[in-house]
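Here are my notes on this model, in numbered points. Please read them with the structure open.

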Amino acid sequence: MFLDELKPAIEELTKQPIAFLGGFASGILRLKLSEDPLKSWLEKQGVTTFSWTDTSSGNGSGPQSISIE
């Protein structure tokens, strides 16, 4: 069911609510951890290593023209 798919997210939310909500908010706002001011804030918090994979490579952004024969 639908609730079974949400179970891992709910478990993480109950384990570490602040970290979960911070990650959720940064995902919604599309903040990149490798850019300031978030990068400098993370460094002040003691987080020095993090990885970021940019899924928006720009291939699908904007209108595209197609021709139908």
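1. First, a term. A residue is called buried when its relative accessible area is under 20%, and exposed when that area is over 50%. By that cut-off, 3% of the 69 residues in the chain count as buried.

2. This is a predicted model. Mean pLDDT for the chain is 76, with 78% of residues at 70 or more. Helix α1 has the highest confidence, at 85. Helix α3, residues 38-45, has the lowest, at a mean of 76. Where pLDDT is low, the predicted coordinates should not be read in detail.

3. What is the fold made of? The chain has 3 helices and 0 strands. From the N terminus, the order is α-α-α.

4. On the surface: the chain exposes about 6,500 Å². Carbon and sulfur atoms supply 59% of that area.

5. Look next at the nonpolar patch. Phe2, Leu3, Leu6 and Ile10 make it, and it covers about 420 Å². Leu3 belongs to helix α1, which runs over residues 2-15. Is Leu3 buried or exposed? Its relative accessibility is 62%, so Leu3 counts as exposed.

6. Helix α2 spans residues 17-28, 12 residues in total. From first C-alpha to last, α2 reaches 16 Å. That is close to the 16 Å expected at 1.5 Å a residue. Just after α2 comes Arg30, with a positive phi of about 55 degrees.

7. Ser26 deserves a separate look. Ser26 sits in helix α2. Its relative accessibility is 15%, so Ser26 counts as buried. Which backbone atom does the Ser26 side chain reach? The partner is the backbone oxygen of Gly23, at 2.9 Å.

8. To put two residues side by side: Leu3 in α1 is exposed at 62%, whereas Ser26 in α2 is buried at 15%. Leu3 is also one of the residues of the nonpolar patch, while the side chain of Ser26 reaches backbone oxygen.

How values were computed:
Residues are numbered from 1 along each chain as its sequence is written. This is a predicted model: local features need pLDDT of at least 70, side-chain atom pairs count only at pLDDT 80 or more; totals for chains, interfaces and linings use all residues. Side-chain values use heavy atoms; hydrogens and water are left out. Patches are made of residues with over 30% relative accessible area and no salt bridge: like charges are joined within 9 Å, nonpolar side chains (Val, Leu, Ile, Met, Phe, Trp, Tyr) within 5 Å. Accessible areas come from the Shrake-Rupley method with a 1.4 Å probe; for residues, only the protein chains shown count as cover. A salt bridge is a side-chain nitrogen of Lys or Arg within 4 Å of a carboxyl oxygen of Asp or Glu. Helices (H or I, at least four residues) and strands (E, at least two) are DSSP runs, numbered from the N terminus. Buried means under 20% relative accessible area, exposed over 50%, partly exposed in between (1.4 Å probe, protein chains only). The expected span of a helix is 1.5 Å times one less than its number of residues. pLDDT is the predictor's confidence in each residue, from 0 to 100. A polar contact is a pair of N or O atoms within 3.5 Å; within protein, one must be able to donate a hydrogen and the other to accept it, and residues adjacent in sequence count only if both atoms are side-chain atoms.
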